[in-house]
Amino acid sequence: SSRVLWTLAVTQFKIRGKEDMMNGIVAGTITGGVLAIRGGPAAMTRSAIAGGIIIGLIEGMSLWMGRAQAGGAQNKELPAPPKTPPIFDLGRMRRRELNIYV
């Protein structure tokens, strides 16, 4: 079932040209319906709705957790890197070898 879900999600991405939550939700809905095909139309409908809701909840939690982890990082500025002297200054070494001082 996970292979069918993944294949449908990738197909949705190829058709729509977008990578968003709807690809997974539609794929979950279709997969739920297809897996219950032997139970008849009523079972297919129930399973399709349940599959869409479950994948929708998973996608929503994933989005929520991603935003929660990003938190205030979007508004904070990164500190400037510390200025440290270079370990080797090849220009200065070359001038010393040639006895040229600026």
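What share of the contacts in the chain with a separation of 6 or more comes from residues 24 or more positions apart? The share is 35%. The legends below start from the whole chain and then turn to single sites.

**Figure 1. Overview of the predicted model, a chain of 102 residues.** The chain holds four helices and zero strands, and from the N terminus on its elements run α-α-α-α. Of the 102 residues, 16% count as buried. About 8,700 Å² of the chain is exposed, and carbon and sulfur atoms supply 64% of that area.

**Figure 2. Confidence along the chain, with helix 3 and helix 4 as the two extremes.** The average pLDDT of the chain is 79, and 71% of the residues score at least 70. Confidence is highest in helix 3, residues 41-70, at a mean of 91. Confidence is lowest in helix 4, residues 90-98, where the mean is 55. Where pLDDT is low, the predicted coordinates should not be read in detail.

**Figure 3. The largest pocket, with a volume of about 200 Å³.** Helix 1, helix 2 (21-35) and helix 3 each supply at least two residues of the lining. Helix 1 gives the most, with five residues. The lining includes Leu 5, Trp 6, Ala 9, Val 10 and Phe 13. Also among the lining residues are Glu 19, Asp 20, Asn 23 and Gly 24, as well as Ile 55, Ile 58 and Glu 59. By class, seven residues of the lining are nonpolar, two are polar and three are charged.

**Figure 4. Ala 9, a helix 1 residue in the lining of the largest pocket.** Ala 9 has a relative accessibility of 22% and therefore counts as partly exposed, since buried means under 20%. Not counting residues up to four places away in sequence, Ala 9 touches Asn 23 and Ala 27. Its C-alpha atom is separated by 5.4 Å from that of Gly 24, and the two residues are 15 apart along the chain. Asn 23 and Gly 24 also belong to the pocket lining.

**Figure 5. Glu 19, in the loop between helix 1 and helix 2.** Glu 19 is exposed because its relative accessible area is 64%, and the cut-off for exposed is over 50%. Glu 19 is one of the residues that line the largest pocket. From C-alpha to C-alpha, Glu 19 and Ala 9 are 9.1 Å apart in space, with their positions 10 residues apart in sequence numbering.

**Figure 6. Gln 12, a residue of helix 1 (residues 2-16).** The relative accessibility of Gln 12 is 17%, so Gln 12 counts as buried. Leaving aside neighbours within four places in sequence, Gln 12 is in contact with Gly 17, Asn 23 and Val 26. Asn 23 is touched by Ala 9 too.

**Figure 7. Val 4 of helix 1 and its separation from Thr 31.** Val 4 counts as partly exposed because its relative accessibility is 37%. The C-alpha atoms of Val 4 and Thr 31 are separated by 6.6 Å, while the two residues are 27 apart along the chain.

Conventions:
Residues numbered from 1 in each chain as written. Predicted model: local features only at pLDDT ≥ 70, side-chain atom pairs only at ≥ 80, totals over all residues. Heavy atoms only, no water. Buried < 20%, exposed > 50% of the residue type's maximum accessible area, 1.4 Å probe, protein only. Contact = heavy atoms within 4.5 Å. pLDDT = per-residue confidence, 0-100. Areas by Shrake-Rupley, 256 points an atom, 1.4 Å probe, with all protein chains shown as cover. 1 Å grid on protein atoms, 1.4 Å probe; cavity = no way out; pocket = protein on both sides within 12 Å on 5 of 7 lines; lining within 4 Å. Points joined across faces, edges and corners; volume = space filled by probe spheres on them. Nonpolar A, V, L, I, M, F, W, Y, C, P; charged D, E, K, R; others polar.
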